[in-house]
Amino acid sequence: MKNRAWKRAASISMTGSLLFAGGCTEDSVKKEDSPKKTSEAEKPYSVSVTDYNFDTAGNMFAYAEFELAGEPLLEGLGVDLDILDSKKVDQPAKFDYTAGIEAYEYSEEAMYEVVEKSGLGLHLINGPVVGEMAKQKGKEAPEMLAERYYELADAVGYPKEEIFTNMFPTLIEYSKGDPHYIEKVDTEEYASGDGDTYVPNYQVNFKSLRWGREKMDKVLNPAAYGGTFLKQALWAGDFLGGYHTVDKDEELEGETPNDDQDDNIRLGVSSPDGMQGMFLVEGIWNKLNFIKNGLFYNGKELTSAGFGSQYDPSKGFVFLPHKIEVEEDGNEMMPNAKSMKLSDSRSLLNDQWLMLWPASEFYGMTDQRPENKNVAPSFHALFDSNPYPSAPKENLDRDPANDIASTDPYTVNKDVLLHVFKNIDAMHFNKEAGAFVTENDGTKQGNYVDTFQAGYTVESLRIFQRAIDGLPVGYASGDAAEGLKTKEGERAKELIKAQADFIINELIMDNGLAAKGYTIGTGADQAVSLQAQLGAIRGLTAAYLATFDDKYREAARGIYVAMDENLWDDELKSYKTGKDEMKYDAYTVGGVAAVFRVAINNLSNNDSDKEQPAPLEVDVITEKYTDFFDRVIDGPSLEEGMQASEFWDTGDFYLKKGKSENTDNDHVPQIQAGHGKYGIAPVLLPVEITKKH
């Protein structure tokens, strides 16, 4: 949403910018290797890191929820985003800064770590679209990708010579890794900033930001590459949801798909943001083709998916399995898959909804159906054959029989999207119970309904229904509009209502909390679980937004109040995650951010509510949001808290004089100063909160 001029990079050859920097060797990274920290006042509690493994799925999910609970939330509350300034900590109010600067920018930078810097996956040079382009033009893949990035830079008016150097654009991301850096981060001065600050080299040259390949879990898991896809799709929608002028780089909403034919108008809300949007879409397009071409499983072997519109699960499942192990080809600079082996063929609900959600978001961007009048003009311009191919007209009508094969972004995404949607229905929805079960082994369903997973499946189905019916998604997913009333959209609503009714009828316990889950044939699992409350509130709120039935809102409000009364610790300013414990992982903290957001937007007290519980007053919710973020995310000291590190975008500046380590004094260290010999990436780490005695 903001034009960040510092992201304009140095003039270095494009081909070099796409390759792994050589000569990186990994040193052992131990917590005791951390540099000395600044002194901190003693706090009566600790927020200790419990694990340094980076979980891609959980992190990307959490940061997606942070994003939505950032600038979009503030904008909906009427805050003028132009007054937010990372240099002015806690201004104009602590909540505004926490949501609009910290949550929002933590979210953006973590995405870049995964898809551009870390090397956590296969290299985009090996992407199927890049390969096909190279073949058609008689070029080598590295040259082709460089040329492609030049084309995309032209489309957004971005200087070719200022593209980031030593990038590692990912084709598809691995499930886990170690986020410690394996060489000294290059914090030498690249350019002067305001006052006594400067821009360090690593912000424009990513050579020193790699993670160790030998510590990566080289597994392709739908929740991991789907969670990353979600981050890519949400930010791409933000960055490319408008135009900008060339002369002044001013954002324009746009009136027609042809606005960019004006010499002074280009795609993207700004030139730098437009370039990042192009990086994201190029990655998505290649990833979707890679997924469709060989990551589906038919019960016998890994295979490609066919036409999503014609797929019939009753004739045999073709689905995304839980784990595929990758053996790399040995190319450290541009790794490709030498071979892939299926290691867990189950369909897990977590994997499926974390693919359904992003594919639905991307469908909203790429949708070229003539009857859909709700697509932004700039999205039509993006997919009008320049710079991205448009879909064949046969694939845009309502007749599935005439669909034709195509690798364009709209078609390949639709094929993946409809396979996943139909599989959630056929493989995970228990018709007798009216609820989603957590797994299917390929031949039969399991019998456990996990409240968190079921609730988020409802939210993902809500986004799917909006996308397939031509309603706005992305930051506008709560906006009203006239829909197309497709059969898939109607089925999604049926599934949403069934699962929401199951939550109300079977999962709400006597104390008002939601049960952790439910075993079909046995009954509710009444263990205390914060995740269960988050999933139930998220799912019921989604059902309310999809159906406008107030019973779902009232049920969500009731669970929120019970959660506040039973699980909130007013001294620690955080929720118990289980019985007498506070153990936070990325999924849990992402759910908390989401529930604060929907509580503010959809569940808070209004004049028509008969009951006016104090926990649902907006000022109470925003105070909890701020306190929770301060305690759990930022933590009480440089060694504690879930956010491992940060830099420029969230107020931590590099100073020409004096020591740069935590210049904004928020207890989150700069990336070179935190948790290891060479520092650590700005990602989320699991923590346990305990009181000191």
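# Exercises on a predicted protein chain

The chain carries 70 positive and 118 negative side chains, and the centres of these two sets lie 3 Å apart. The structure is a predicted model.

## Exercise 1: The overall form

Determine whether the chain is as compact as a globular protein of its length, and describe its surface and interior.

*Solution.*

Step 1. Begin with the secondary structure: 17 helices and 27 strands are present in the chain.

Step 2. Compare the radius of gyration with the globule rule. The chain has a value of 24 Å, which is close to the 26 Å given by the rule for 693 residues, so the chain is as compact as a globular protein of that length.

Step 3. Consider the outer dimensions. Along the principal axes, the C-alpha atoms fill a box of roughly 70 × 65 × 50 Å.

Step 4. Consider the interior and the surface. Of the 693 residues, 62% are buried. The chain exposes about 24800 Å², and carbon and sulfur atoms supply 46% of this area.

Step 5. Examine the contacts. Among those between residues at least 6 apart in sequence, 74% join residues at least 24 apart.

## Exercise 2: A sheet of three strands

State the order of the strands in the open sheet that contains β27, and identify its edge strands.

*Solution.*

Step 1. The order is β1-β27-β25, with antiparallel pairing.

Step 2. An edge strand pairs on one side only; this applies to β1 (45–49) and to β25 (583–584).

Step 3. Examine one pairing in detail. Two bridges link β25 to β27 (residues 687–691) in the antiparallel sense. Within this pairing, Y584 stands opposite V687 of β27.

## Exercise 3: The two faces of a strand

Sort the side chains of strand β14 (residues 323–328) by the face to which they point, and find the partners of this strand.

*Solution.*

Step 1. Recall the general pattern: in a regular strand, side chains alternate between the two faces of the sheet.

Step 2. Apply the pattern to β14. I324, V326 and E328 point to one face and are buried, whereas K323, E325 and E327 point to the other face and are not buried.

Step 3. Identify the partners. Strand β8 (residues 219–220) runs antiparallel to β14 and is joined to it by two bridges. Strand β15 (residues 337–344) also pairs with β14 in the antiparallel sense, over six bridges.

Step 4. Locate individual residues. I324 is the bridge partner of L220, and V326 stands opposite M340 in β15.

## Exercise 4: Unusual backbone angles

Locate two cis peptide bonds and two residues with positive phi, and decide whether N166 and F548 are buried or exposed.

*Solution.*

Step 1. Recall the background: most residues other than glycine have a negative phi, and most peptide bonds are trans.

Step 2. Locate the cis bonds. One joins Q91 and P92, with omega about 0 degrees; P92 belongs to the loop between α3 (71–76) and α4 (94–117). Another runs from N386 to P387, with omega near 15 degrees; P387 is in the loop between α10 (377–382) and α11 (409–428).

Step 3. Locate the positive phi values. N166, which is not a glycine, has a phi of about 55 degrees and lies in the loop between α6 (141–156) and β4 (170–173). F548, also not a glycine, has a phi of about 65 degrees and is placed in the loop between α14 (530–547) and α15 (550–567).

Step 4. Apply the cut-offs: buried means under 20% relative accessible area, and exposed means over 50%. N166 has 15% relative accessibility and therefore counts as buried. F548 has a relative accessible area of 65%, so F548 is exposed.

Key: Residues numbered from 1 in each chain as written. Predicted model: local features only at pLDDT ≥ 70, side-chain atom pairs only at ≥ 80, totals over all residues. Heavy atoms only, no water. Helix = DSSP H or I, 4+ residues; strand = E, 2+ residues; numbered from the N terminus. Rg over C-alpha atoms; globule rule 2.2 N^0.38 Å. Buried < 20%, exposed > 50% of the residue type's maximum accessible area, 1.4 Å probe, protein only. Contact = heavy atoms within 4.5 Å. Areas by Shrake-Rupley, 256 points an atom, 1.4 Å probe, with all protein chains shown as cover. Lys, Arg positive; Asp, Glu negative; His and termini not counted. Charge placed at Lys NZ, Arg CZ, Asp CG, Glu CD. Pairing = 2+ DSSP bridges.
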